[in-house]
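Good morning, and thank you for coming. Please have the sequence and the structure open while I speak.

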Amino acid sequence: MGALGLWGLDRGGMWRDEAVTFQVARRTVPQIWRLLHGVDAVHGLYYLLMHAVLAVHPGEVVLRLPSVGAAAVTAALVAALGTRLLRPRAGLVAGLLYAITPMAGHYAQEGRSYALVAAGATAATLLFVRAVQDGGRWRAYGVVLGLTCWLHEFAVLVLLAHAVSLALARPGARVWRGWGCAAAAVSVALLPMVLVSHAQSAQLAWLRQPTPATARNVLRAFLGGPAPAVYWTCLTLAVLGLAGLVGLRSGLTCARVALPLAVVPPATLMLVSRLAPLYVDRYVLYALSGAPLLVAAGAERVDGGVRRLWSAYSRKSCSSQALKFTRPREAATVPPQAWEFTRSEEAAAAPPQAEFTRPGEGAAVPPQALGFTRPREGDDVPPQALEFTRPGEVAAVLPPGSEFTRSGGAAAAPRTGLRDGGVPSPPGGPRPLRRGRLRLARAGASALAVALGLGLALSCQLPVLRADRDPGRRPDDLGAVARVAAREVGPGEAVLFLPVRMRNAALAYPGAFRGVRDVALAEPGDRSGTLYGREAGAGVLRRRVAGLGRVWVVGDQALLDGRRRPSDPAERAELDALAQAFVPGAQSTRGGATVRLYVRRARLSRSSAPRAVPPRPGRR
């Protein structure tokens, strides 16, 4: 994840949200605090953190480094969850799947808070699992989740996911009580943020209600992205991984943790958005952590089925005459030499089974719990030369004193413990070395299949990951806009920003606009406590524009082309003044942003006729 995050990190341009982080984090702490009272309170903690980071070196790469580190931590935490809920190899698969998912790589390279929120939510989930399984640690869970919610308040939906996990796991009242106290503490701590951000809800006016296509896009993004082969494979494995979601057995399983984490936050936000639009996929990026866990669980089920088929084949190939072991009715201290071994009447092709009876007991010990090896000398070897061991992979446990281990042909006293590592191998059958080779071959084949699967998935994702490094994949490229302005707009020339958020280019790249006159600006953002500065009124703006012969406009292309009408009165006044007294001249478009020259009608000459600015060599 770290390697993919660092790959192509310097794109040479920020888009509007990154530019906001960059210019706000470079303000003083009192200026940031003043800003949060009017706008972006939900990102306040993140801005303060980035203020400290950019104090080291203000640059685009440093701006994105915290997101790269957070994404790497999230992948490691997903692997830790898989290790705890399944086993280490499944954890490794889940962590690597998270790392190569395009959605994770996209936000690993953005100078916004979403990758940090994903790391915090995944860490809280790991602490949640530990608290339920081991008891305690609810305080650490509450602290981590509380800080995560202050990075972005929609992380509070993790509490709903964990509540669903507890309902499926059916733990005791003590667990519910501990989780409830932690959840209440997180909710109370988040209440001031909720009240302030609710007053700033106008910032989300641009959102629209989610549609069924939105849900399909989220499912595809969580399960591998646009590559069809990866998506359908991950979807199939995720469905297989749902085994253990419900049932009589209580306790946390991988499905009971991963499915609520992946589904509950986005589904809840989509349902709420039917009333008031709030849903954007980056707001629930942290839910992505559940999807690789489901895929890894499904892969484990497939591997288990293959192992059972392999074991059946191994038993058939390693079968020999079945043996029956009986013990005299003397006391437990009877030496091993007194044991009686007789062959059963089963056919030679029968699987290696054993029946073991202790004095005074009628119950037979599970035959798979015994291992039997004897030297090559033949069938008439005395009993003291025999060795009984328990296979390491068998979970059955024999009663105390029921297994003897002998070495070197010498008599040994009975042992109450069991020695792991033995492999059933009746006389005349394959030696333990052969069974060990079979197990090694099976493990090697399984590891090779995992490596090939992940390698193929990465090869399918590479074109998507490479394309995502192109600044044109973001809504806008302010770096390219700034380069055009630096080349075309000279010192002392007049500039208008339409809409006002396009001033982001000048705030993020002030060197490109050094010496220009911002016609509409009344007060800069750092002094006015706003993101982009305070605009002059419509009357003042008309007087300023009236004396201009030419003006450069950095604006949204749809707005300048008349396909969209601004709602702000000052912006409407700017457009009306341009339409009445000016005609468009030279322009350059980068994505949805346009740098266009407007020339007053009376002064229009042949030299200032409309022309297109040629793109800079080597750049789009």
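I shall discuss salt bridges, then a sheet, and finally two helices and a surface patch.

Please keep in mind throughout that this is a predicted model.

Let me begin with the salt bridges. The structure holds 23 of them, and I have chosen a few for today. One of them joins R16 to D476, where the closest N and O atoms are 3.0 Å apart. R16 belongs to helix α2, residues 16-25, while D476 sits in the loop between α16 (432-468) and α17 (478-488), so this pair ties together parts of the chain that are 460 residues apart in sequence. The two partners may also be described by their accessibility. R16 has a relative accessible area of 24% and is therefore classed as partly exposed. D476 has a relative accessible area of 5%, so D476 is buried.

A second pair consists of E110 and R474, with 3.5 Å between the closest N and O atoms. Distant parts of the chain are again linked: E110 is in the loop between α7 (102-108) and α8 (114-134), R474 is in the loop between α16 and α17, and 364 residues separate them. Are these two residues buried or exposed? Both E110 and R474 are buried.

We may compare this with a pair of sequence neighbours. The side chains of R487 and E488 form a salt bridge at 3.5 Å, N to O. R487 is partly exposed, because its relative accessible area is 36% and the partly exposed class lies between 20% and 50%. Salt bridges can also form a network, and R11, E18, E60 and R64 are linked in this way.

I now turn to the sheet. This is an open sheet of five strands, in the order β7-β6-β10-β12-β11, and its pairing is mixed. Its edge strands are β7 (517-518) and β11, each of which pairs on one side only.

The mixed pairing can be followed strand by strand. At one edge, β6, residues 494-498, runs parallel to β7, and two bridges join them. A494 has R517 of β7 as its bridge partner. At the other edge, β11 (residues 582-590) and β12 (residues 593-600) run antiparallel and are joined by seven bridges. One bridge there pairs T589 with T594 of β12. What lies between the strands of this hairpin? There are two residues between β11 and β12, and G591 takes a positive phi near 65°. As a general point, side chains in a regular strand alternate between the two faces of the sheet.

Next, the helices. Helix α14 covers residues 254-272, and its length can be checked by simple reasoning. With 19 residues at 1.5 Å a residue, the helix should span 27 Å; its end C-alpha atoms are 27 Å apart, so the two values agree. Helix α14 also bends by about 30° at V264, and a proline, P265, follows within four residues.

In helix α11, residues 173-199, please find G178. Its relative accessibility is 17%, so G178 counts as buried. G178 and R137 are 41 residues apart in sequence, and their C-alpha atoms are 9.1 Å apart in space.

Finally, please look at the surface. L6, V61 and L65 form a nonpolar patch there, and together they have about 230 Å² of accessible area. Of these residues, L6 is found in helix α1, residues 2-6.

Thank you for your attention.

Conventions. Residues are numbered from 1 along each chain as its sequence is written. This is a predicted model: local features need pLDDT of at least 70, side-chain atom pairs count only at pLDDT 80 or more; totals for chains, interfaces and linings use all residues. Side-chain values use heavy atoms; hydrogens and water are left out. Patches are made of residues with over 30% relative accessible area and no salt bridge: like charges are joined within 9 Å, nonpolar side chains (Val, Leu, Ile, Met, Phe, Trp, Tyr) within 5 Å. Accessible areas come from the Shrake-Rupley method with a 1.4 Å probe; for residues, only the protein chains shown count as cover. A salt bridge is a side-chain nitrogen of Lys or Arg within 4 Å of a carboxyl oxygen of Asp or Glu. The expected span of a helix is 1.5 Å times one less than its number of residues. The bend at a residue is the angle between axes fitted to the seven residues ending there and the seven starting there. Two strands pair if DSSP finds at least two bridges between them. Buried means under 20% relative accessible area, exposed over 50%, partly exposed in between (1.4 Å probe, protein chains only).
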